[in-house]
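Colleague: I should like to understand how the terms applied to this model are justified. Please show me the structure and explain each term as it arises.

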Amino acid sequence: MCHVQLQTHPFFLFLTRLDEELAAQAQAVGCACGGALHRANYPRKPRGCPTLAIREAFSSRLSFCCSRCRRRTTSMSVRFLGRRVYLGLVVVLCSARHAGQNTAAATLCEALAVPLRTLQRWRRWWREDFMHTPLWQVMCARFMPPVSAERLPGDLLARFGGEAAEALQRLLCFLAPITVRAATLAEGR
């Protein structure tokens with residue numbers, strides 16, 4: 001599954017279109033102060049891109065700046081998993097493959113130049129930090145039987161049935177809310 005996804009340009013284009021739709025939704029909502037949101041993308045240097053063309057297409061994070069209060073609004077993303085430098089799909093697939101501790105995991109991570117320490121850090125995030133996110137706290141009861149923390153994200157990916165590309169796309173959409181920080185307003189605003 002992962003080798004297919006990492007080598008197909010149309011899948012990456014599809015993720016870009018999904019991100020653009022999420023950005024359009026965020027822009028339509030506008031700023032909490034009532035100001036208009038103007039495009040203010042910021043550069044990214046994503047790791048884990050199989051080709052230079054994909055790296056260039058993923059070289060910016062879609063974001064906005066308010067015309068009135070100048071606050072930044074960053075839309076949810078299916079391409080990036082928060083502030084991680086690796087693509088979201090790489091974090092998911094490599095972590096899922098690494099959970100199995102098989103040779104395919106080693107091959108995939110070698111091909112993408114993902115160090116073992118980084119994989120271990122991602123696995124720890126899935127087992128510990130992810131389990132405490134508001135998203136998981138709200139959504140975990142919807143999965144029966146319960147998703148095994150030790151087999152995250154592979155066990156979670158398996159719950160989003162269908163073809164491999166569809167399951168991965170659904171999982172990335174499911175994870176999109178954790179790609180942005182919850183907005184909090186300062187006192188007096």
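Modeller: Let us begin with the elements: helices (H or I, at least four residues) and strands (E, at least two) are DSSP runs, numbered from the N terminus. The model is predicted, so local features need pLDDT of at least 70, side-chain atom pairs count only at pLDDT 80 or more, and totals for chains, interfaces and linings use all residues. Residues are numbered from 1 along each chain as its sequence is written, and side-chain values use heavy atoms, with hydrogens and water left out.

Colleague: How many helices and strands does the chain have, and in what order do they run?

Modeller: The chain has 9 helices and 5 strands. From the N terminus on, the order is α-α-β-β-α-β-β-β-α-α-α-α-α-α.

Colleague: Where do Arg 159 and Asp 155 lie?

Modeller: Both lie in helix α8, which covers residues 154–159. They are 4 residues apart, about one turn of the helix.

Colleague: Why is the contact of Arg 159 with Asp 155 called a salt bridge?

Modeller: The term requires a side-chain nitrogen of Lys or Arg within 4 Å of a carboxyl oxygen of Asp or Glu. The closest N and O atoms of Arg 159 and Asp 155 are 3.9 Å apart, and the pair therefore counts as a salt bridge. In general, side chains of opposite charge can pair when their charged atoms come close.

Colleague: What makes Asp 155 buried or exposed, and what of Arg 159?

Modeller: Buried means under 20% relative accessible area, exposed over 50%, and partly exposed in between (1.4 Å probe, protein chains only). Asp 155 has 16% and so counts as buried, whereas Arg 159 has 28% and so counts as partly exposed.

Colleague: How do you know that Arg 170 and Glu 166 form a salt bridge?

Modeller: Their closest N and O atoms are 3.6 Å apart, and this value satisfies the limit for a salt bridge. Arg 170 and Glu 166 are 4 residues apart in helix α9 (residues 164–175), so about one helical turn separates them. With 34% relative accessible area, Arg 170 is partly exposed; Glu 166, at 36%, is partly exposed.

Colleague: How many salt bridges does the structure hold, and which parts does the pair of Asp 19 and Arg 79 tie together?

Modeller: There are 4 salt bridges in the structure. In one of them, the side chains of Asp 19 and Arg 79 meet at 2.6 Å, N to O. Asp 19 lies in helix α2 (residues 9–29) and Arg 79 in the loop between β5 (72–74) and α4 (88–99), so the pair ties together parts that are 60 residues apart in sequence. Both Asp 19 and Arg 79 are buried.

Colleague: What makes Leu 171 buried or exposed, and which residues does it touch?

Modeller: Leu 171 lies in helix α9. Its relative accessible area is 0%, and therefore it is buried. Contact means heavy atoms within 4.5 Å. Not counting residues up to four places away in sequence, Leu 171 touches Val 92, Pro 153, Leu 156, Leu 157 and Phe 160.

Colleague: Why is the pair of Trp 136 and Phe 143 called stacked or edge-to-face, and how does the pair of Tyr 86 and Trp 122 compare?

Modeller: Rings of Phe, Tyr and Trp (its six-membered ring) pair if their centres lie within 6.5 Å; planes under 30 degrees apart count as stacked, over 60 as edge-to-face and the rest as tilted. The structure holds 12 aromatic pairs. Tyr 86 and Trp 122 lie 5.1 Å apart, centre to centre, with 85° between the planes, and form an edge-to-face pair. Tyr 86 is in the loop between β5 and α4 and Trp 122 in helix α6, 36 residues apart. Both Tyr 86 and Trp 122 are buried. The ring centres of Trp 136 and Phe 143 are 5.8 Å apart and their planes are at 15°, so this pair is stacked. Trp 136 is buried at 3% relative accessible area, and Phe 143 is buried at 12%.

Colleague: Which residues form one aromatic cluster?

Modeller: The cluster consists of Trp 125, Trp 126, Phe 130, Trp 136, Phe 143, Phe 160 and Phe 174.
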